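Reader: Hi! Could you walk me through this one while I have it on screen?
Author: Happy to, just ask as you go.

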Amino acid sequence: MLHAIVPVKSLALAKSRLSEMLDQGERRALALAMLEDVLLLLQATPVIARFGVVSRDTTVLRMAHRMGADRLIDHADDLNGALIQAATQYTQAGAQALLVLHADLPLATPEELGRMAGGLASATDITLAPARDGGTNALACVAPHPLPFLFGGRSLERHVRAAHEQRLTPHLVRSSGLERDIDRPEDLIWLLETPGETAAQRFVRQLGILERAACV
């Protein structure tokens with residue numbers, strides 16, 4: 001059973017690459033809607049034994065608590081430091097395996113997370129969900145975490161290289177729900193047009209995104 005960690009930055013900094021399409025209040029609301037979707041996903045995934053949100057943002061942490069997630073207050077200086085802190089906390093609490101899942105994957109499914117867990121057949125297995133831009137949208141490993149967290153721009157290659165250096169076996173889980181994070185205007189259109197009724201989709205459909213896109 002996995003313990004899942006969802007890192008969330010301050011809402012004041014949320015989704016800055018969407019600033020041409022959304023104002024700050026809309027970007028904040030979108031980030032919260034996507035976080036709601038991800039937490040509902042974790043609630044609905046049988047292989048997830050426990051999950052938490054690591055953040056400094058009090059609004060984010062209140063939502064996490066309201067939705068049954070552990071509030072993991074971020075005391076680190078960067079994303080990877082925050083993940084090390086959260087992973088260590090869960091390992092000390094008895095976690096057998098860990099999943100890091102980004103908070104901007106509103107169409108990910110329990111089946112996709114099941115595939116992440118299914119790749120952990122031994123202590124040397126790592127599962128990675130590639131992002132379209134070369135990043136890593138999810139990572140699963142046996143606890144304690146044997147691989148350094150190397151999230152950031154084009155992190156997939158760094159994670160795979162680090163796995164090989166430590167004689168670990170990386171498995172890539174390629175799927176649309178885990179691959180497609182919401183970072184750019186075209187992602188908003190994709191979210192709008194994809195069938196479904198997630199919180200993020202309902203929010204985006206209220207905004208007149210197609211009309212805004214025609215003006216960008």
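**Helix α5 and beyond**

Author: Let's begin with what covers the buried residues of α5: β5 (125–130), β6 (136–142) and β7 (169–172) are among the elements in contact with them, contact being heavy atoms within 4.5 Å. Helices (H or I, at least four residues) and strands (E, at least two) are DSSP runs, numbered from the N terminus. This is a predicted model, where local features need pLDDT of at least 70 and side-chain atom pairs count only at pLDDT 80 or more, while totals for chains, interfaces and linings use all residues. Residues are numbered from 1 along each chain as its sequence is written, and side-chain values use heavy atoms, with hydrogens and water left out.

Reader: Thanks! Which residues of α5 are buried?
Author: In α5 (residues 155–165) they are Ser155, Leu156, His159, Ala162 and Ala163. Buried means under 20% relative accessible area, exposed over 50%, and partly exposed in between, with a 1.4 Å probe and protein chains only.

Reader: And why do they line one face of the helix?
Author: Seen down the axis of α5, the buried residues fall within an arc of 130 degrees, so they line one face. That arc is taken from the directions from the helix axis to the C-beta atoms. An α-helix has 3.6 residues a turn, so residues three or four places apart point the same way.

Reader: What's exposed on the other side of α5?
Author: Glu157, His164 and Glu165. After the helix comes Arg167, with a positive phi near 60 degrees.

Reader: What about the loop before it, where is Arg154?
Author: Arg154 lies in the loop between β6 and α5. Its phi is near 50 degrees, positive in a residue other than glycine, and Arg154 is exposed, with a relative accessible area of 56%. Pro144 is found in the loop between β6 and α5 too, and the peptide bond to Pro144 from Ala143 is cis, with omega near -5 degrees.

Reader: Now Lys15: buried or exposed?
Author: Lys15 is buried, at 15% relative accessible area. Look for Lys15 in the loop between β1 (2–7) and α1 (24–43); phi there is positive, near 50 degrees.

Reader: Switching topic: which side chain of opposite charge is nearest to Glu112?
Author: That is Arg115, 5.9 Å away, and Glu112 is buried yet has no salt bridge. A salt bridge here is a side-chain nitrogen of Lys or Arg within 4 Å of a carboxyl oxygen of Asp or Glu. For charge, Lys and Arg count as positive and Asp and Glu as negative, with His and the chain ends not counted.

Reader: So what does the Glu112 side chain make a polar contact with?
Author: The side chain of Ser175, at 3.0 Å. A polar contact is a pair of N or O atoms within 3.5 Å; within protein, one must be able to donate a hydrogen and the other to accept it, and residues adjacent in sequence count only if both atoms are side-chain atoms. Glu112 itself is found in helix α4 (residues 110–118).

Reader: Last one: in the largest nonpolar core, which residues touch the most other members?
Author: Of its 35 residues, they are Leu35, Leu39, Leu42, Val53, Leu99, Leu101 and Leu178. The largest share of this core, seven residues, comes from α1. A nonpolar core is a set of buried Ala, Val, Leu, Ile, Met, Phe, Trp, Tyr and Cys residues joined through side-chain atoms within 4.5 Å.
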